[in-house]
Amino acid sequence: NSQFREIAGKTVSSIIARYATEPASMGNMEYPLEQALKTDPATNSLDNLKFYFAITGYVPSRVFLLKYIFNESRFSKADRIDFAMKAVVSDPSISVRNYACFLVSKEAKLSKGLGGMPDYIAWWNENKSQYSNTSTNRP
């Protein structure tokens, strides 16, 4: 039993190490987000974009929507980080969770990918009060 646990642990560690950086297959390519959502993200509020994120089952759409929201300066930094951290904690896709960690890494001064999820959560819980929440939720 301990032998299988050790093998499983090494396997999980190698998967996490492989995806500890930006997933090149998703993060650096162009993606027709407007076509996928059937709406222009720039004309939608943060609440609407969160809704689209919640209802889409297609992982690349969620990754690119996460990236769009995180980089959209019309939303407060607090809202953007909070959205990414909610994806870290609750998204069913490992790819989305890992990408959310990647996005938050620079701000959190962490570079651990999904394997450092507890560290990202602890960082956000300790630091979120330092971020101003002057969001423009409107398009």
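**Exercise 1. Work out what share of the chain is buried, and how much surface it shows.**

Start with burial: 41% of the 139 residues in the chain are buried, where buried means under 20% relative accessible area, exposed over 50% and partly exposed in between, with a 1.4 Å probe and protein chains only. Next, the surface: the chain has about 8,200 Å² of accessible surface, and carbon and sulfur atoms hold 54% of that. These areas come from the Shrake-Rupley method with a 1.4 Å probe.

A word on the model: it's predicted, so local features need pLDDT of at least 70 and side-chain atom pairs count only at pLDDT 80 or more, while totals for chains, interfaces and linings use all residues. Residues are numbered from 1 along each chain as its sequence is written, and side-chain values use heavy atoms, with hydrogens and water left out.

**Exercise 2. Write down the secondary structure pattern along the chain.**

Count the elements: you get 8 helices and 0 strands, taking helices (H or I, at least four residues) and strands (E, at least two) as DSSP runs numbered from the N terminus. Then read along the sequence, and the pattern is α-α-α-α-α-α-α-α.

**Exercise 3. Describe how H4 packs on H5.**

Step one is the geometry: H4 (residues 46-55) and H5 (residues 59-71) pack at about 160 degrees, their axes 10 Å apart. H4 is therefore roughly antiparallel to H5, a label for angles over 145 degrees, with under 35 being roughly parallel, 65 to 115 roughly perpendicular and the rest oblique. Axes here are lines fitted to C-alpha atoms over the stretch in contact, and angles run from 0 to 180 degrees between N-to-C directions.

Step two, list the partners: Leu-46, Leu-49, Lys-50, Tyr-52 and Phe-53 of H4 meet Arg-62, Leu-65, Leu-66, Tyr-68 and Ile-69 of H5, contact meaning heavy atoms within 4.5 Å. Sorted by class, that contact has 8 nonpolar, no polar and 2 charged residues. (Ala, Val, Leu, Ile, Met, Phe, Trp, Tyr, Cys and Pro count as nonpolar, Asp, Glu, Lys and Arg as charged, and the others, Gly among them, as polar.)

**Exercise 4. Find where Lys-109 sits, and say what stands out about its phi.**

First, place Lys-109: it's in the loop between H7 (94-108) and H8 (117-127). Lys-109 counts as exposed because its relative accessibility is 73%. Now the backbone: phi of Lys-109 is near 55 degrees, a positive value in a residue other than glycine. For background, most residues other than glycine have a negative phi.
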